[in-house]
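Work through the exercises below with the structure open beside you, and try each task before reading its solution.

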Amino acid sequence: MNDLPTADFFAFESLLSSKEQAKLAELREFLATEIAPYASDWWNRAEFPAHILPRLAALELSTPAQRGYSNLFAGLVIAEMTRVDTSIATFFLVHHDLFVESLYGFGSAGQKERLLADASSLRITGAFALTEPGHGSDVAGGMETSARRISSATGEPDDDGDAWVLNGAKRWIGNGTFCDYMLVWARDEAVAANGQGAVRGFIVDASLPGVSRSRIENKIALRTVQNADIVLRDVQVAEADRFAGISSFEDTNQLLRGSRIMVGWQAVGQQLAAFDVARQYAVERHQFGRPLAKFQLIQQQLVTMLGNAVASMAMMARIAQLQDDGVADMPQVALAKSYTSARMRETVALGRSLLGGNGIVTDYRMAKIFADAEAIYTYEGSFEINTLIVGRAVTGVSAIV
């Protein structure tokens, strides 16, 4: 198998600097030794391996672009993590590409000084609490979690108060069961009453009174990820813990665009994983007295999987170039996410089919890859919503509402 070409059939990794290639090799070694042998067991038991966090932090890969790496390298980091375990990649994405990037982009000097070093090194963990039980795709306009500014001394509403009271519920919050801090999005009651942009962001200590968390059970995808239902009941947060850089939901677009890009890279990683597993199985598995790989239809399936993976990687590599130039816009990112997730769905289905009955048990990895793909297809904007974002851009007419 070592002399066969990799799923990076067009050698996109060759576009990386020598330093980046060496770092990617270091990540691969870590994933091969610390994650790959155990990932299916963690997934089967729906347990998160908190013990690996210090070793993951030692790689110093938090927010690679902030460390001077290219956006292509940052994307390939997520793709490689996903290639080995989608759940670990999702943890990394939520913590670093949403929580830590939020600190970089919107945190005050005091917030950065207090939290950034510990968050970057995984001494503390964070979550991104945006979606709600009744609001996913429409959370921008439908958000029900509320924020009321008060005086902490009197508890009364005060437009210049030193604290806020949060009430509401959040759902599908990755890392939510164990995180130290959550970036919670809430609607400012006073501003909302005036009909203005009303969304605020708050750094919420998860141990504050009034915060309750429960794990979402019975998932068929990303079982290692600890998604949570969060309930906020009169949670008092200091004004110093409000993100001063957030005044409306539009301010979140920078973060959502970046995380959507990384989920596009996850769709690449899922396809690389599916191709890896399917090709090895096709070469090693014998039926009718010869390896599966010798059958024409099997080769056709593998080539289709490879073509999907390469096309997806090419689109994401171009997005990375646009990021480097500072011009990647949301419709371009939405097209990349919708396209790569659709190709991923086809690729993992072909891989599952190629393994036959062995494709539905996690012993052979493909069942896990197949199931996890469904989460990628849905989160950070469903296929349909991303499609309509692009449709609006190319027609000038919105079909979303």
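The exercises that follow concern a predicted model, and each task is paired with a worked solution.

**Exercise 1.** Decide whether Q301 is buried or exposed, and find what Q301 is in contact with beyond its neighbours within four places in sequence.

*Solution.* Begin with the location: Q301 belongs to helix α10, which covers residues 296–324. Next take the relative accessible area, which is 12% for Q301; since buried means under 20%, Q301 is therefore buried. Finally, once the neighbours within four places in sequence are left aside, the contacts of Q301 are L350, S353 and L354.

**Exercise 2.** Classify the ring pair formed by F288 and F295, and state how accessible each residue is.

*Solution.* A search of the whole structure gives 11 aromatic pairs. For F288 and F295, the ring centres are 6.2 Å apart and the planes meet at 70°; because an angle over 60 degrees counts as edge-to-face, this pair is edge-to-face. Turning to accessibility, F288 has a relative accessible area of 78% and is exposed, whereas F295, at 22%, is partly exposed. Elsewhere, ring pairs join F48, F91 and F178 into a cluster.

**Exercise 3.** Which ring does K19 lie over, and which ring has the charged end of R171 over it?

*Solution.* Taking the lysine to begin with, K19 lies over the face of Y69, at 5.0 Å from the ring centre. For the arginine, the charged end of R171 is placed over the ring of W172, at 4.9 Å from its centre.

**Exercise 4.** Describe the largest nonpolar core, and say which helix gives the most to it.

*Solution.* The largest nonpolar core contains 100 residues, and those with the most contacts inside it are I35, L56, W185 and W265. Helix α9, residues 253–284, gives the most to this core, contributing 16 residues. To follow one of the core residues further, consider W265, which, apart from neighbours within four places in sequence, is in contact with L72, G75, L76, I78, A79, M313, M316 and A317. There is also a second, separate core of 19 residues, which includes I173, V211, A228 and V235.

**Exercise 5.** What feature does UniProt place at residues 253–394, and how much of that span is helix and strand?

*Solution.* The record, an unreviewed UniProt entry, gives "domain: Acyl-CoA dehydrogenase/oxidase C-terminal" at residues 253–394. In the model this span is 78% helix and 3% strand, and its end C-alpha atoms lie 19 Å apart.

Technical notes. Residues are numbered from 1 along each chain as its sequence is written. This is a predicted model: local features need pLDDT of at least 70, side-chain atom pairs count only at pLDDT 80 or more; totals for chains, interfaces and linings use all residues. Side-chain values use heavy atoms; hydrogens and water are left out. Helices (H or I, at least four residues) and strands (E, at least two) are DSSP runs, numbered from the N terminus. Buried means under 20% relative accessible area, exposed over 50%, partly exposed in between (1.4 Å probe, protein chains only). Contact means heavy atoms within 4.5 Å. Rings of Phe, Tyr and Trp (its six-membered ring) pair if their centres lie within 6.5 Å; planes under 30 degrees apart count as stacked, over 60 as edge-to-face and the rest as tilted. A charge sits over a ring if NZ of Lys or CZ of Arg is within 6 Å of the ring centre and within 35 degrees of the ring normal. A nonpolar core is a set of buried Ala, Val, Leu, Ile, Met, Phe, Trp, Tyr and Cys residues joined through side-chain atoms within 4.5 Å. UniProt positions are given in the numbering used here, feature names are shortened, and annotations may be inferred rather than shown by experiment.
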